[in-house]
Structures are given as structure tokens and as C-alpha cells.
Amino acid sequence: MITFNPKKFFLNNINEIEICLENNKKIETFPMIKKENGTFVYDDDKSYKNYYFKANGKTYCSHKIEYAVISTMSSGKSTFINALVGKDIMPSENQACTGKIFKLESLFGNQEDTMCIKKDGKIKRYFLEEEILKELNLDTSIDEIDIQIKYPNIRNNISIYDTPGVNSYQNKGHKDITYNLLEKAKIKNIIYILNATQLGTNDDKFFLIDLEELKNKKDIKILFILNKIDSIDEDRENKEEIIKNVEKYLEENNFKNYLIFPLSAYLAKLIRKVLNNIALTRVEKRDLKKYYNTSTINESEKDEYINFKEFSLSRNKLEGMLEESGILDIEDAIQNINEFYPTFSLRIV
């Protein structure tokens, strides 16, 4: 029996739910029966691993999709995660890295962002505050920090594991923590972040060799993100050439036919902070204004403007720049990983 609880997705007054099941590599749709308690059930003696639901023309996935985010140092992993949530949560890679695993779970509705840890045999829960998170990050008796947070553009139930850097010169213990998570956990989806300005480093090559061994052991799917694409010198090389070089580089390391998503995580984070009315630092304002002035997206007379003391920015132009940053395509891929590497056609629209 498969159950769907509409309250989990804050759906009210729903009378019809359909379940979409994989059967012989085809998708079949069946109506679900509504129970007195408001939940919907599909009663079948078969066991289905892959399915999703449709309600009011939209698609919902009830099972959690888990990702491990990995990279070498200075690839912008923390900035990428901060861009996903729309605010500064993860410690900068320039700050102390204590070898912890951060687990960021989806939160829905009007609930407050929270975090919890296990210490001295007890579970302790806190509201998500930057200063408390910094203290917990420095506490060497804590191995993992669980954060419950909203992803503004991801409707599905996901968990993202932020792993320590895997550079061999930095800390072998950090590398072992990441390998242990990937090998022993049930996580089958990986987001691998490449640095567009530092391709082909030894640390990167060594980790790709280990990652290849892992994908030969277990069924994993990998999204390759080419971050800092905005830092390339466009007078000497263009984005398309760099992506082709990355494809060739990955093929040389036995990763063939993988999609590569170009990204400016820093730009995406800055725009999301502004759109969420989160204050920027002086340096962030300077950087965003530079991005804004060099963007080829035009303003319109009817645009709504967001005013700073020093300047004003068009909301429509910022939203266009957010799309150009690449973050929206990546969020679509995160929700629809099986469409990009199909064993099951799961599409969230």
C-alpha cells in the first residue's frame, strides 16, 4: 500500500490524487482512494520503488531525494549551497573547516528554520542563527549538524549533505569522512563542483579516480557543476569552449556523457539575498553593482526597482540575471535527476 498525505505539501481541500508508477519502464497513472482522515492510498500487492503523485496539475515526490555535495577547496561549494537557500548559512571555505558533515533538509510552510545536534547522548535543537552555528561548527565533539531549512525554488523533499573538502594536502581525516559517507551511506546522488578557473588540478584528478571506483560499485548519479564561470576571461576564451574542454577532461577520467551545468554561485547568492530583503555587505553591494552594470539584460520603464542608498536595481533585470547565473537550471536538475540519467522518468513541474 502506498500512502500520500496532502498536508505534508500544504495542500488543502484536495479530492483527487493520481499516482504515477513505473511498470516495465513505462509510466502508468492510477487514481488514489481518499480516506476519512484526508490521506490518499493506492492498494496494490506489488512493490514499487519508483513513483510520484499528481494533484491539481502539479507533480509531487513524497520520498526524499538525497545528495552529497563534494568538491576540492576553493570551488565555491559553500557559496553554492548558500545560493540554493538564498542566504548565508554555510561557513565560508576561508573560515575554519572542522571536518563536520552538514545535512540540510527541506522545510515547508511557515515553520522556522532550525538545526539540531547530538551531543553527550542527547539531541539538542536550536533556531537557525549564524552565531550559534559558528559555535557548533567549532565544537570538536560534534560530527554532524542537521539543519532544517527552506529551499526557495525547490518544492520537493530533499536533503543535501555538505561534505568536508577532499584535498589531500589539507587534511586526510576530512577526505576519509567524505569517502565514508559516499561508500557506506545510501546516498545515490552526487553534486560535484568544478572550479572553472582551476581545472585539472592533481587533487581533482585523484578524487575523480576514486569517484570512478565508487560509481562502479554502486548505482550513483552525478551532476557536474562548473562554478565561477563568470570569472573566465571572455576575451581569451568563451563559455562554450570551456564546457567542451571540461567534457573532454571528464571523458579522459572515464566520465562520459555527463551533463555539465555552468554556474555563477556568487552572483546567484547575491541576487537571492536582495530579492529576499537580506542586507548585503559593502563588498557585496559593490560586486552586485558591477555584475548589474555589465549585464546585457535591458531594463524597462515599467520595472519595479529595489532601492539602495547608493543605487537602484530593477527587479525584472535581477530575475533575468538570476536565470543567467545557471542556478535555476541546476535546481530543475536536482528535482529531476532521473530525467537526466533515466532509470525512471520523474518530472517535477
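Author: Helices (H or I, at least four residues) and strands (E, at least two) are DSSP runs, numbered from the N terminus. This is a predicted model: local features need pLDDT of at least 70, side-chain atom pairs count only at pLDDT 80 or more, and totals for chains, interfaces and linings use all residues. Residues are numbered from 1 along each chain as its sequence is written, and side-chain values use heavy atoms, leaving out hydrogens and water.

Reader: In which helix is confidence highest?
Author: Confidence here is pLDDT, the predictor's score for each residue from 0 to 100. The protein chain averages 83, and 85% of the residues score at least 70. The lowest mean, 58, belongs to helix 10 (residues 337-340). The highest, 97, belongs to helix 6.

Reader: How many residues of helix 6 are buried?
Author: Buried means under 20% relative accessible area, exposed over 50%, partly exposed in between (1.4 Å probe, protein chains only). In helix 6, the buried residues include A265, L267 and K269. The helix is mostly covered, and of its 11 residues the buried ones number nine.

Reader: Which helix gives the most to the largest nonpolar core?
Author: A nonpolar core is a set of buried Ala, Val, Leu, Ile, Met, Phe, Trp, Tyr and Cys residues joined through side-chain atoms within 4.5 Å. The largest has 53 residues, and F80, I147 and I334 have the most contacts inside it. Six of its residues come from one helix, spanning residues 265-275: helix 6.

Reader: Which residue of helix 6 is in contact with F80?
Author: Contact means heavy atoms within 4.5 Å. Neighbours within four places in sequence are set aside for F80. Its partners include V69, I191 and I334. Another partner, buried in helix 6, is A265.

Reader: How are helix 7 and helix 8 oriented to each other?
Author: Helix 7 (residues 282-294) and helix 8 (residues 315-325) have axes 11 Å apart and pack at about 90 degrees. Axes are lines fitted to C-alpha atoms over the stretch in contact, with angles from 0 to 180 degrees between N-to-C directions. Angles under 35 degrees count as roughly parallel, over 145 as roughly antiparallel, 65 to 115 as roughly perpendicular and the rest as oblique. Helix 7 is therefore, relative to helix 8, roughly perpendicular.

Reader: Is D120 buried or exposed?
Author: D120 lies in the loop between strand 10 (114-119) and strand 11 (122-127). Its phi is positive, about 55 degrees, although D120 is not a glycine. With a relative accessible area of 68%, D120 is exposed.

Reader: What is the phi of N277?
Author: N277 comes just after helix 6. Its phi is positive, at about 60 degrees.
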